[in-house]
Amino acid sequence: MTEPTRPPGFATTAIHHGYDPLAHHGALNPPLFLTSTYAFASAAEGAARFAGEAEGFVYSRVGNPTVAVLESRLAALEGGEAALATSSGVGALTALIWTLLKTGDHIVADQMLYGCTFGLFEHHLPRFGIQVTFADLTDPANLQAALAANTRLVFTETPTNPNMRLVDIAACADVCRRAGIRLVVDNTYCTPYLQRPLDLGADLVTHSATKYLGGHGDLLAGAVVGPKAIIDQLRFTGIKELNGACISAFDAFLILRGLKTLNLRMDRHSATAAKLAHDLEAHPAVAAVYYPGLDSHPQRKLAQQQMRAMGGMIALELKGGLEAGRNFMDRVKLATRAVSLGDAETLIQHPASMTHATYDPAERARHGFTDGLIRLSVGLEDYEDLREDLLGALSVTRKPT
Ligand SMILES: *Cc1c(COP(=O)(O)O)cnc(C)c1O
């Protein structure tokens, strides 16, 4: 066999990286190791593994062979040194924050975040003496202005959940690097196929693997990717001793299965969402569509710079506001009324009363998203069927004139 002349591409990495069938009885798929603990050949070997002086597993809260394949694959896909897989996206986030921060520290976060991330930052971290300043990071100048002497972490999503604003990762990374502060990017919406924050200068990437990485709506999981020294700290302090949010081997197995089609799914989600975003924008009942693939998106150029394709998430507002939005949601038949995203099924939800109900009305106004906003996770169904469902539900929503 000749040696490959180029590094493997995204799909090859997603299908093969970190696993050799011939080392496992030829099994095409990584074996599912359903075990909580691991036998030591001797007391001395057990002690050496615990001391980190010998390779090997000790207990599945800290490591499991099936999970390890997933972790090495996620690290390769994001272009990071190492990865930690967790029981949920929130588990990844708390492992990171509780490990890297202490009382008296300060976080700067974008003003628009996934609802439970906002809940953690705004309502719970202050109880532990960690303060968070929310700033509009769509302008990196606002980041510089929000930094304080005790700022340890800058946190952002892009595109933001739910209103699809973009944050310039390279520009924020530049500000952070000069200030010696870590930049963390939640890459759930894009996955490494569409966007690689570490390549753009971010220090760490977090994921809700519940969404596109798993891709089939059948599990909860999360991940952090970044330098091995930090990932080790998150594993041996964050997961082992602080939050215990370890992933199950079975969920890791399912994510490995999902990853095999990640690039195909993301291309299809993106292609269908782009067409639907145009259709929706042209409809007279629609007040606004927020999708980075539309010419009307104020950060269209940045989207083309830092994203490979524009993804499957669309936000929209109807002319009749909240009431029209609720009617629209009740009329769709093919789209499923449900939170979460990134599944084969198209999902529709109302952030203000569902995923982002952690923002009270005053906070929603202050952080810049409206009560009428509807969020659509475009699935893998046929475009024509989705178009008929969504536009049909809009037509009857339109107020008689
Ligand atoms: C869902 C989500 C999370 C939380 O992940 P869980 O797996 O539900 O804990 C975090 N960030 C974003 C952007 C999400 O969509």
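These exercises work through a predicted model, each with a step-by-step solution.

## Exercise 1. The seven-stranded sheet

Find the strand order of the sheet that contains E1, and say which strands stand at its edges.

Solution.
- Step 1. Read the order across the sheet: E1-E7-E6-E5-E4-E2-E3. The seven strands form an open sheet with mixed pairing.
- Step 2. Look at the two ends. Strand E1 (82–86) and strand E3 (131–135) each have a single partner strand, so one side of each lacks a neighbour in the sheet.
- Step 3. Add the twist. From one strand to the next, it averages 20°.
- Step 4. Place a helix on the sheet. Helix H5 (residues 115–124) packs there and touches strand E2 (106–110), E3 and strand E4 (151–157). The direction of H5 makes about 125° with that of E3.

## Exercise 2. Strand E5 and its neighbours

Trace the pairing of E5 with E4 and with E6, then decide how enclosed E5 is.

Solution.
- Step 1. Start with E4. Five bridges pair E4 and E5 in the parallel sense. One residue pair to find is Thr 156 with its bridge partner in E5, Val 185.
- Step 2. Follow the chain between these strands. The path leads from E4 through H7 to E5, and this β-α-β crossover is right-handed. Helix H7 (residues 169–179) lies across E4 and E5, at about 155° to E5.
- Step 3. Turn to E6. Strand E5 (residues 182–186) and strand E6 (residues 204–208) run parallel and are joined by three bridges. Val 184 sits opposite Leu 204 in E6. Val 185 has Val 205 as its bridge partner in E6.
- Step 4. Check burial. Four of the five residues of E5 are buried, so the strand is largely enclosed by the rest of the structure.

## Exercise 3. A buried helix

How many residues of helix H10 are buried, and which helices do they pack against?

Solution.
- Step 1. Count. In helix H10 (residues 249–259), eight of the eleven residues are buried, so the helix is largely enclosed by the rest of the structure.
- Step 2. Name them. The buried residues are Ala 249, Asp 251, Ala 252, Leu 254, Ile 255, Leu 256, Gly 258 and Leu 259.
- Step 3. Find the partners. These buried residues pack against helix H1 (10–16), helix H3 (65–78) and helix H11 (262–282).

## Exercise 4. Arg 49

Is Arg 49 buried or exposed, and what does its side chain contact?

Solution.
- Step 1. Locate the residue. Arg 49 is in helix H2 (residues 43–50).
- Step 2. Apply the cut-off. Buried means under 20% relative accessible area. Arg 49 has 18%, so it is buried.
- Step 3. Find the polar partner. The side chains of Arg 49 and Glu 45 are joined by a polar contact of 2.6 Å.
- Step 4. List residues further off in sequence. Leaving out residues up to four places away, Arg 49 touches Tyr 38, Ala 39, Phe 40, Ala 54, Glu 55, Gly 56, Phe 57 and Val 58.

## Exercise 5. An aromatic pair

Classify the ring pair formed by Phe 118 and Phe 134.

Solution.
- Step 1. Set the scene. The whole structure holds seven aromatic pairs.
- Step 2. Use the geometry. The ring centres of Phe 118 and Phe 134 are 5.3 Å apart and the planes are at 50°, so the pair is tilted.
- Step 3. Place the residues. Phe 118 is in helix H5 and Phe 134 in strand E3, 16 residues apart, and the pair links distant parts of the chain.
- Step 4. Check burial and company. Both Phe 118 and Phe 134 are buried. They form one aromatic cluster with Tyr 359 and Phe 369.

## Exercise 6. The five-stranded sheet

Give the strand order of the sheet that contains E8, and name the helices that lie on it.

Solution.
- Step 1. Read the order: E8-E9-E12-E11-E10. The sheet is open and its pairing is mixed.
- Step 2. Mark the edges. E8 and strand E10 (336–337) each pair on one side only.
- Step 3. Inspect one pairing. Two bridges join E10 and strand E11 (residues 347–349) in the parallel sense. Arg 337 stands opposite Ile 348 in E11.
- Step 4. Add the helices. H11 packs on the sheet, touching E8, strand E9 (313–318) and strand E12 (374–377), at about 10° to E9. Helix H13 (residues 321–331) lies across E9, E10, E11 and E12, at about 125° to E9.

Methods:
Residues numbered from 1 in each chain as written. Predicted model: local features only at pLDDT ≥ 70, side-chain atom pairs only at ≥ 80, totals over all residues. Heavy atoms only, no water. Pairing = 2+ DSSP bridges. Axes fitted to C-alpha atoms, helices over the stretch in contact; angles between N-to-C directions. Contact = heavy atoms within 4.5 Å. Buried < 20%, exposed > 50% of the residue type's maximum accessible area, 1.4 Å probe, protein only. Right-handed = clockwise from strand over helix to strand, strands pointing away. Polar contact = N/O pair within 3.5 Å; in protein donor to acceptor, adjacent residues only side chain to side chain. Phe/Tyr/Trp six-rings, centres within 6.5 Å; stacked < 30°, edge-to-face > 60°.
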